[in-house]
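Biologist: Before we talk, could you bring the model up on the screen, so that we can go through it slowly, one question at a time?

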Amino acid sequence: MKLNSILYIFIAFLSISCKSQQVNLSDLDATKETQTLFQNLNKLKEKGFMMGHQDALAYGVNWKYEEGRSDIKDVTGDYPAVYGCDLGGTETKSENDIDGVPFKKTKKWIKEIYDRGGITTISWHMNNPFTGKNAWDTTPNSFESILPNGSKHELYKSWLDDAAKFFLSLKGSDGKAVPILYRPFHELTGDWFWWCKNNATPEQFKEGWKFTVDYLKSKGVHNLIYVYNTSMVKSREEFLEYYPGEAYADILSFDNYEYNDPTKDNSFVENNLKLFGIMDQIAKEQNKIIAFAETGYEAIPYDKFWTKTLLESIGNYKISYVLAWRNHGWQEQEKKMHYYAPYKGQVSEKDFIDFFNLKQTLFQKDVTKEKLYK
């Protein structure tokens, strides 16, 4: 009896130890490839973090729609590991997304990314369903309108129907559904989108998030890993105030940009480290993964931004990925350059190559070796 008891305790301890290293998707019916990717993302963070770039294959500084091109690839010889794109435009049945990129091209690239073992993350700068204006229209009661019994609930459902069709259409060369890191209602703790916290109570936001997830699942969409995303917050309570719960999110993340000269102002680094600490604690309690879903320093005027500012702002936290925003290039209306990753000849190019060569920074060739979907 005594031996049996000791054996039982040992097995129980082993089970708990294994469970603590296991992460489980909120979608219990997720495809095999989606489940495998999530488990591998959890393992991969022990080796380092993946580098991502928004619209990496669509355009860059002074070029657009050139087959196989990427500003990051021009600089390093390798693609980023994570590729960002946006669903904005599906709600108006547009052929192009919010940044003018044809959805046909986006689907083609997503297939290519999956085939070579990369990862796609999708956000949605959705128009305001209450007013018909863009995502930045913060007319009061806009978020409430999409909730069940809300005035725009049926319209919102029709938009989700179109999103579901898009997600279900994403197939690799193997015919399997491509797993996607989906980041709905991003930067929710800000005040600049119609879905932000200034336009919804915590209860309303949680209801809207849960409805969205459940509705997509009811439409047969099981290839999504849901990314909960705030802007900069200062406390655990603030980060969790609108959080829909561990059964409705898989990755915890935030967005933050550098706006000041990092050689004179260290607040970007300090604020990021504090929030990573908050998320890391929550992630360990709930068996989640953490990420830096959007960041950058417009036009990157500091030549050591990558190996100093960005790297120091991540510290020793084991994050899954960091994604730099898009390389739009020249903005005619604003009369300035708008980009967040280096290109050939840019002042931070050499530093980015040094960043690329670090053991803990993972790009396409690094993750291809990991076979994340198998």
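**Strands, helices and rings**

Modeller: Let us begin with the strands of this predicted model, where five bridges join β4 to strand β5 (residues 119-123), and the two run parallel.

Biologist: In β5, which residue is the bridge partner of Tyr83?

Modeller: Strands β4 and β5 run parallel and are joined by five bridges. One of the residues involved is Tyr83, and its bridge partner in β5 is Thr120.

Biologist: The chain crosses from β4 to β5, so through which helix does it pass, and what is the hand of the crossover?

Modeller: Leaving β4, the chain passes through α4 before it reaches β5. This makes a β-α-β crossover, and its hand is right-handed.

Biologist: Which strand pairs with β4 over three bridges, and which residue of β4 is the partner of Gln54?

Modeller: The strand that pairs with β4 over three bridges, in the parallel sense, is β1. Within β4, the bridge partner of Gln54 is Gly84.

Biologist: How many of the residues of β4 (residues 82-86) are buried?

Modeller: Both faces of the strand have to be considered, and on one side Val82, Gly84 and Asp86 are buried. On the other side Tyr83 and Cys85 are buried as well, so that the count for β4 is five of five.

Biologist: Turning to the aromatic rings, is the pair of Tyr65 and Trp109 stacked, tilted or edge-to-face?

Modeller: A search of the whole structure finds 41 aromatic pairs. For Tyr65 and Trp109 the ring centres are 6.4 Å apart and the planes stand at 35 degrees, so the pair is tilted.

Biologist: How many residues apart in sequence are the parts that this pair ties together?

Modeller: Tyr65 lies in the loop between β3 (63-64) and α3, whereas Trp109 belongs to helix α4 (residues 103-115). Tyr65 is partly exposed, with a relative accessible area of 30%, while Trp109 is buried, at 12%. The pair therefore ties together parts whose separation in sequence is 44 residues.

Biologist: Which residue lies over the face of Tyr65?

Modeller: The face of the Tyr65 ring has a residue lying over it, at 5.1 Å from the ring centre. That residue is Lys105.

Biologist: Why are the buried residues of α10 on the same side of the helix, and what arc do they cover?

Modeller: In helix α10 (residues 349-356), Glu349, Asp351, Phe352, Phe355 and Phe356 are buried. They are on the same side of α10 because the arc they cover around the axis is only 160 degrees.

Terms used
Residues are numbered from 1 along each chain as its sequence is written. This is a predicted model: local features need pLDDT of at least 70, side-chain atom pairs count only at pLDDT 80 or more; totals for chains, interfaces and linings use all residues. Side-chain values use heavy atoms; hydrogens and water are left out. Buried means under 20% relative accessible area, exposed over 50%, partly exposed in between (1.4 Å probe, protein chains only). Helices (H or I, at least four residues) and strands (E, at least two) are DSSP runs, numbered from the N terminus. The arc is that of the directions from the helix axis to the C-beta atoms. Rings of Phe, Tyr and Trp (its six-membered ring) pair if their centres lie within 6.5 Å; planes under 30 degrees apart count as stacked, over 60 as edge-to-face and the rest as tilted. A charge sits over a ring if NZ of Lys or CZ of Arg is within 6 Å of the ring centre and within 35 degrees of the ring normal. Two strands pair if DSSP finds at least two bridges between them. A crossover is right-handed if, with the strands pointing away from the viewer, the path from the first strand over the helix to the second runs clockwise.
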